[in-house]
Amino acid sequence: VQLQASGGGLVQAGGSLRLSCAASGNFHSIASMGWYRQAPGKQREFVASVISGGTTNYGDSVKGRFTSFRDNAKNILYLQMNSLKAEDTAVYYCYADISEKYGFVPVDYWGQGTLVTVSA
């Protein structure tokens, strides 16, 4: 099982960016997927999560600006980031709780991270 994150880059403050996280390989199901981020010199911070039924949760710092949603048919998670601020600059990591086989307890998998840089 692999998670591949993409879509990071350089954007001006106030702009938008969309990240993607694709899960691939052999597995039975994905319980939840989400995003964390880590800025230089700071601890990893929760950004968003989406469970299999579609319920979403967001970190306080991104509420109202970021939206995360899943394409369950393609096993892809997206993070639409609007009204970006310089403090959103970080490496963004996606994760997925995946059951490799029916009845197996979900296991956390992580993507490699994608860098988002917001210029002031």
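The exercises below concern burial, contacts and salt bridges in a predicted model.

**Exercise 1. Placing Arg 65**

Task: determine where Arg 65 lies and whether Arg 65 is buried or exposed.

Solution.
1. Start with the secondary structure. Arg 65 sits in the loop that runs between strand 6 (56–58) and strand 7 (66–71).
2. Take the relative accessible area, which is 10% for Arg 65. The cut-off for buried is under 20%, so Arg 65 is buried.
3. List the contacts, leaving out residues up to four places away in sequence. Arg 65 then touches Gln 80, Met 81, Asn 82, Ser 83, Leu 84, Lys 85 and Asp 88.
4. Look for a polar atom pair. A polar atom of the Arg 65 side chain lies 3.0 Å from the backbone oxygen of Ser 83.

**Exercise 2. Two glycines**

Task: for Gly 14 and Gly 34, find which element holds each residue, and decide whether each is buried or exposed.

Solution.
1. Gly 14 belongs to the loop between strand 2 (9–12) and strand 3 (17–24), whereas Gly 34 is part of strand 4 (residues 29–38).
2. The relative accessibility of Gly 14 is 54%. Exposed requires over 50%, so Gly 14 counts as exposed.
3. For Gly 34 the value is 0%, and Gly 34 therefore counts as buried.
4. Compare the contact lists, again without residues up to four places away in sequence. Gly 14 touches Ser 83 and Leu 84. Gly 34 touches Ala 48, Ser 49, Leu 77, Tyr 93, Cys 94 and Tyr 95.
5. Use Trp 110 as a reference point. Its C-alpha atom is 28 Å from that of Gly 14, with the two positions 96 residues apart along the chain. For Gly 34 and Trp 110, the C-alpha separation is 9.7 Å and the sequence separation is 76 residues.

**Exercise 3. Salt bridges around Asp 88**

Task: state how many salt bridges the structure holds, then work out which residues are joined with Asp 88 into one network.

Solution.
1. The structure holds four salt bridges.
2. Recall the principle: side chains of opposite charge can pair when their charged atoms come close.
3. Take Arg 37 first. Its side chain meets that of Asp 88 in a salt bridge with an N to O distance of 2.9 Å. This pair links distant parts of the chain, 51 residues apart: Arg 37 is in strand 4, and Asp 88 is in the loop between strand 8 (76–81) and strand 9 (90–99).
4. Check burial of both partners. Arg 37 has 5% relative accessibility and so counts as buried; Asp 88, at 0%, is also buried.
5. Turn to Arg 65. The side chains of Asp 88 and Arg 65 form a salt bridge at 2.7 Å, N to O. Because Asp 88 lies in the loop between strand 8 and strand 9 and Arg 65 in the loop between strand 6 and strand 7, the pair ties together parts 23 residues apart in sequence.
6. Combine the pairs. Through shared partners, salt bridges join Arg 37, Glu 45, Arg 65 and Asp 88 into one network.

**Exercise 4. The Asp 60 pair**

Task: give the N to O distance for Asp 60 and Lys 63, and say whether these residues are buried or exposed.

Solution.
1. The side chains of Asp 60 and Lys 63 meet in a salt bridge, with 3.2 Å from N to O.
2. Asp 60 and Lys 63 are both exposed.
3. For contrast, Asp 88 is buried, and Arg 37 counts as buried.

Notes
Residues numbered from 1 in each chain as written. Predicted model: local features only at pLDDT ≥ 70, side-chain atom pairs only at ≥ 80, totals over all residues. Heavy atoms only, no water. Helix = DSSP H or I, 4+ residues; strand = E, 2+ residues; numbered from the N terminus. Buried < 20%, exposed > 50% of the residue type's maximum accessible area, 1.4 Å probe, protein only. Polar contact = N/O pair within 3.5 Å; in protein donor to acceptor, adjacent residues only side chain to side chain. Contact = heavy atoms within 4.5 Å.
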